[in-house]
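Subject: Structure for you to look at

Hello,

Here is the structure I said I would pass on. What I found in it follows below.

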Amino acid sequence: MPGIVEYIYLNIVDEVNERLLQYECEEVSLELLADILLPVLWQHKEEAHIIYSSQLPFRLIEPVSDRTWKWAEKRFNFLIKEHGLANYFTAQELLKYFNARLITVLTLWLEADIPIHLDKFRPKFMFFMNASINQLIFKGIK
């Protein structure tokens, strides 16, 4: 059974990647990512509900990151330099961090018994992906 669920999940990832990789990584804004990713997940919402409830996406962060690494390599290497992270993390680790955050936000949506409609979730997706933990949890705490 786990192999079947993993296979279905990776097929969904490949469907997203087929659309996403038509763009240069540097061209992909959060809005464009939402416009590509969310409709595919909504189309597969029954399967996605099972998958995101299983924690499988967290276990597959490395293989999913590996599937997009060549596409994202230049951008994430730039980000490591831009943010002074080279002594702490690699670009591949930053990509895994991004994917983990993405999966966390998608899990909030898709593990619900009845996920809210895509159109209502999209603004929440943008909010959670844009909000820092400091803004979300600790805002106003000195």
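In this predicted model, helix 3 and helix 6 meet through a small set of named residues: Ala48, His49 and Tyr52 on the helix 3 side, and Ile103, Leu106, Thr107 and Leu110 on the helix 6 side. Sorted by class, five of the residues in this contact are nonpolar and two are polar, with no charged ones.

As for the geometry, helix 3 spans residues 45–53 and helix 6 spans residues 91–110; their axes come within 9 Å and cross at roughly 120 degrees. That angle makes helix 3 oblique to helix 6. The crossing of the two helices is left-handed.

Two residues of that contact, Tyr52 and Leu106, turn up again in the largest nonpolar core. This core has 35 residues, and those touching the most other members are Tyr9, Leu38, Leu41, Tyr52, Leu106, Trp109 and Phe125. At least two core residues come from each of helix 1 (2–20), helix 2 (30–43), helix 3, helix 5 (61–82), helix 6 and helix 7 (118–130). Helix 2 gives the largest share, ten residues.

Leu38 is worth a look on its own. Not counting neighbours within four places in sequence, leucine 38 is in contact with Leu33, Leu106, Trp109, Leu118, Phe121, Arg122 and Phe125.

Apart from the largest core there is another one, made of nine residues, including Leu79, Ala91, Leu94 and Leu95.

Regards

Note on methods:
Residues numbered from 1 in each chain as written. Predicted model: local features only at pLDDT ≥ 70, side-chain atom pairs only at ≥ 80, totals over all residues. Heavy atoms only, no water. Axes fitted to C-alpha atoms, helices over the stretch in contact; angles between N-to-C directions. Helix = DSSP H or I, 4+ residues; strand = E, 2+ residues; numbered from the N terminus. Parallel < 35°, antiparallel > 145°, perpendicular 65-115°, else oblique. Left-handed = near helix turned anticlockwise from the far one by under 90°. Contact = heavy atoms within 4.5 Å. Nonpolar A, V, L, I, M, F, W, Y, C, P; charged D, E, K, R; others polar. Core = buried A, V, L, I, M, F, W, Y, C linked by side-chain atoms within 4.5 Å. Buried < 20%, exposed > 50% of the residue type's maximum accessible area, 1.4 Å probe, protein only.
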